[in-house]
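Student: Could you help me take a close look at one part of this structure? I would like to follow it step by step.

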Amino acid sequence: MKVNQLKAGAALSYISMGLGYLVSIIYTPIMLRLLGQSEYGLYNLVASVVAYLGVLNFGFGSAYMRYYSRYKIQDDREKIATLNGMFLIIFSFIGLIAVIAGTMLAMNTEAIFGSELTVTELSRAKILMMILVINLAISFPNIVFTSHITANEKFVFHKLVQMIKIVANPFVVLPLLILGYGSVGMVIATTFLNFTIEVINAVYCIKKLKMRFSFKNFDFKLMREMTVFSSFIFMNLLIDQINWNVDKFILGRFHGTISVAVYGLAAQLNNYYLSISTAISSVFIPRVHRLVATSDNNNELTNLFTRIGRIQFIILSLIASGLIFFGRPFINMWAGKNYDDSYPIVLLLIIPVTIPLIQNIGIEIQRAKNMHKFRSWVYFFIALGNLGLTIPLAKRYGGIGAAIGTASALIIGNGFIMNWYNHVKVGLDMKFFWKQILRFVPALIAPVLAGILINSIFNLYNIFYFLGFGIIYVIIFCGSIWFVGMNQYEKDLIGKPIRSIVRRIRK
């Protein structure tokens with residue numbers, strides 16, 4: 001059953017993402033035009049600041065997974081109940097802190113955002129910040145329930161709920177945008193929807209999974225141990241915020257909301273790219289912790305690491321190469337000509353991040369082995385370097401300069417240092433991993449040549465050419481990967497379900 005949950009969870013992740021992208025393709029252009037570029041930029045700017053309060057979870061979600069797996073193996077129900085109670089208390093308290101901190105930020109928007117924003121924008125920024133802070137605060141206790149669902153490998157339920165949220169979001173938000181409530185109405189609707197989903201998760205855990213809480217024996221020794229374990233995850237969260245959100249804040253201070261809007265659209269596309277990778281690796285998190293807790297066999301972990309990495313590379317290389325050849329006309333037709341500068345920014349973001357994305361299960365292996373401290377310190381100094389580069393580059397070159405700073409940090413930190421650490425210290429065979437990844441290079445020759453030829457001859461700003469040659473490119477890519485790049489295990493992942501469906505249809 002667990003294997004079925006894994007396969008179904010991974011499949012539903014991609015169905016959910018595909019549905020999300022379909023909804024986004026339809027919804028985002030409407031939302032951008034109803035909001036206007038300036039207000040969309042303001043929303044992105046405020047959201048980037050509030051996102052920093054998200055680090056207040058201190059990485060305790062990963063700590064829950066680690067200790068829950070340990071107690072589950074021991075079948076110690078009392079400790080699990082105590083763990084649940086501790087985490088609910090901790091996250092509720094964190095939610096309260098977030099509200100207090102967010103209120104203080106909202107009262108000082110002029111000092112935070114600088115002189116580039118108008119009086120009207122500053123006034124609206126205060127309202128947006130308070131609503132987004134409330135949204136964040138009520139999401140903290142829900143971490144306990146989503147972590148419990150993941151730890152029990154109930155991926156089907158989790159992904160179905162996500163799909164419902166994706167489909168419902170435009171139907172909740174668009175009426176308020178059409179009525180003229182702007183970004184304020186959008187964040188109110190989103191907050192209401194998030195709260196509804198969080199209630200559903202809590203009810204499922206308590207009723208279906210029989211999740212129990214014990215508040216009697218708060219284990220301070222365990223709390224200290226978890227704090228040490230989570231402190232470096234907290235550092236990673238802070239670093240991620242610097243790498244992915246500080247650019248918008250800096251652009252807002254130096255160039256205003258329009259520049260933030262252009263960068264924000266590129267960042268949105270980059271977020272979709274990130275989510276594609278994590279959709280597969282996230283369903284293997286419990287398995288990683290279980291492997292480490294039971295055998296800690298580096299050969300098994302390397303094989304799992306490589307299998308997941310190859311699958312991620314197949315999908316990400318299709319998206320990245322497609323974006324290189326078809327990205328600029330897509331952005332112009334989808335978001336509008338005033339977002340044309342988002343194209344070079346998104347390429348600067350997604351190409352360097354591909355390396356860590358095909359290795360992101362390695363982060364969970366480090367956490368399961370309690371060897372994530374080195375990564376945290378490396379990323380901390382890389383993030384400081386990113387910040388040091390981004391400020392002068394963004395000031396002079398705008399969004400492209402900010403993206404160059406982030407790209408440089410990703411290449412140094414993920415491309416070189418973490419590969420060395422995984423190989424030498426963690427025990428993963430990175431030479432074997434990269435040999436397996438580089439076997440895809442011959443399979444990429446045909447689609448790359450096709451992409452260059454298509455761009456040289458045809459006008460892809462014509463919607464019919466864009467769609468027609470986009471489909472042709474996908475067919476060439478998939479055919480080349482299937483016949484030249486994929487191994488039998490990867491072919492079976494696709495072939496076996498198809499053959500099973502065909503047999504059922506024939507019966």
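How many salt bridges does a search of the whole structure find?

Tutor: Happy to help! Please keep in mind that this is a predicted model. A search of the whole structure finds six salt bridges. The idea behind them is simple: side chains of opposite charge can pair when their charged atoms come close.

Let's start with Arg124, which forms a salt bridge with Glu39; their closest N and O atoms are 3.8 Å apart. Arg124 belongs to helix α6 (residues 119-139) and Glu39 to helix α2 (residues 37-50), so this pair ties together parts that are 85 residues apart in sequence. The two partners are covered to different degrees: Arg124 has 29% relative accessibility and therefore counts as partly exposed, whereas Glu39 has a relative accessible area of 17% and is buried. The cut-off used here is that buried means under 20%.

Helix α6 gives us another example. Lys126 and Glu110 bring their side chains together in a salt bridge, with 3.6 Å from N to O. Here Lys126 sits in helix α6 and Glu110 in helix α5 (residues 109-113), 16 residues apart, and the pair links distant parts of the chain. Lys126 is partly exposed, with a relative accessible area of 29%, and Glu110 is partly exposed too, with 40%.

A further salt bridge joins Arg328 and Asp340, whose closest N and O atoms are 3.2 Å apart. Arg328 is in helix α13 (residues 298-334), while Asp340 is in the loop between α13 and α14 (342-357); they are twelve residues apart, and this pair also links distant parts of the chain. Arg328 has a relative accessible area of 30%, so Arg328 is partly exposed.

Now let's put those bridges into the wider picture. The protein chain has 21 helices and zero strands. Its radius of gyration is 23 Å, close to the 23 Å that the globule rule gives for 507 residues, so the chain is as compact as a globular protein of that length. Along the principal axes, the C-alpha atoms fill a box of roughly 65 × 60 × 50 Å. Of the 507 residues, 53% count as buried. If you take the contacts with a separation of 6 or more, 85% of them are between residues 24 or more positions apart.

Helix α7 (residues 142-151) is a nice case of covering: ten of its ten residues are buried. Among them are Phe145, His148 and Ile149. After α7 comes Glu153, which has a positive phi, near 60°.

What about the outside? The accessible surface of the protein chain comes to about 23,200 Å², and 68% of this area belongs to carbon and sulfur atoms. One nonpolar surface patch, of about 560 Å², is made by Leu22, Ile25, Ile26, Ile30, Leu34 and Ile178. Five of the patch residues come from helix α1 (residues 2-35), which is the largest share. Take Ile30, whose place is in helix α1: its relative accessibility is 37%, so Ile30 counts as partly exposed.

Aromatic rings add one more kind of pairing to look at. The count comes to 22 aromatic pairs. One of them is Phe380 with Phe381, an edge-to-face pair with 5.4 Å centre to centre and 70° between the planes. Phe380 counts as partly exposed because its relative accessibility is 28%, and Phe381 counts as exposed because its value is 52%. In another pair, the ring centres of Tyr465 and Phe469 are 6.0 Å apart and the planes are at 55°, so this pair is tilted. Both residues lie in helix α20 (residues 463-485), four residues apart, about one turn of the helix. An α-helix has 3.6 residues a turn, so residues three or four places apart point the same way. Even so, their cover is not alike: Tyr465 counts as partly exposed at 39% relative accessibility, and Phe469 counts as buried at 15%.

Finally, ring pairs link Phe325, Phe326, Phe330, Trp334, Phe466, Tyr473 and Phe477 into a cluster. When you return to the salt bridges, try finding Arg124 and Glu39 on the model, since this pair ties together helix α6 and helix α2.

Key. Residues are numbered from 1 along each chain as its sequence is written. This is a predicted model: local features need pLDDT of at least 70, side-chain atom pairs count only at pLDDT 80 or more; totals for chains, interfaces and linings use all residues. Side-chain values use heavy atoms; hydrogens and water are left out. Buried means under 20% relative accessible area, exposed over 50%, partly exposed in between (1.4 Å probe, protein chains only). Helices (H or I, at least four residues) and strands (E, at least two) are DSSP runs, numbered from the N terminus. Patches are made of residues with over 30% relative accessible area and no salt bridge: like charges are joined within 9 Å, nonpolar side chains (Val, Leu, Ile, Met, Phe, Trp, Tyr) within 5 Å. Accessible areas come from the Shrake-Rupley method with a 1.4 Å probe; for residues, only the protein chains shown count as cover. A salt bridge is a side-chain nitrogen of Lys or Arg within 4 Å of a carboxyl oxygen of Asp or Glu. The radius of gyration is taken over C-alpha atoms; the globule rule is 2.2 Å times the number of residues to the power 0.38. Contact means heavy atoms within 4.5 Å. Rings of Phe, Tyr and Trp (its six-membered ring) pair if their centres lie within 6.5 Å; planes under 30 degrees apart count as stacked, over 60 as edge-to-face and the rest as tilted.
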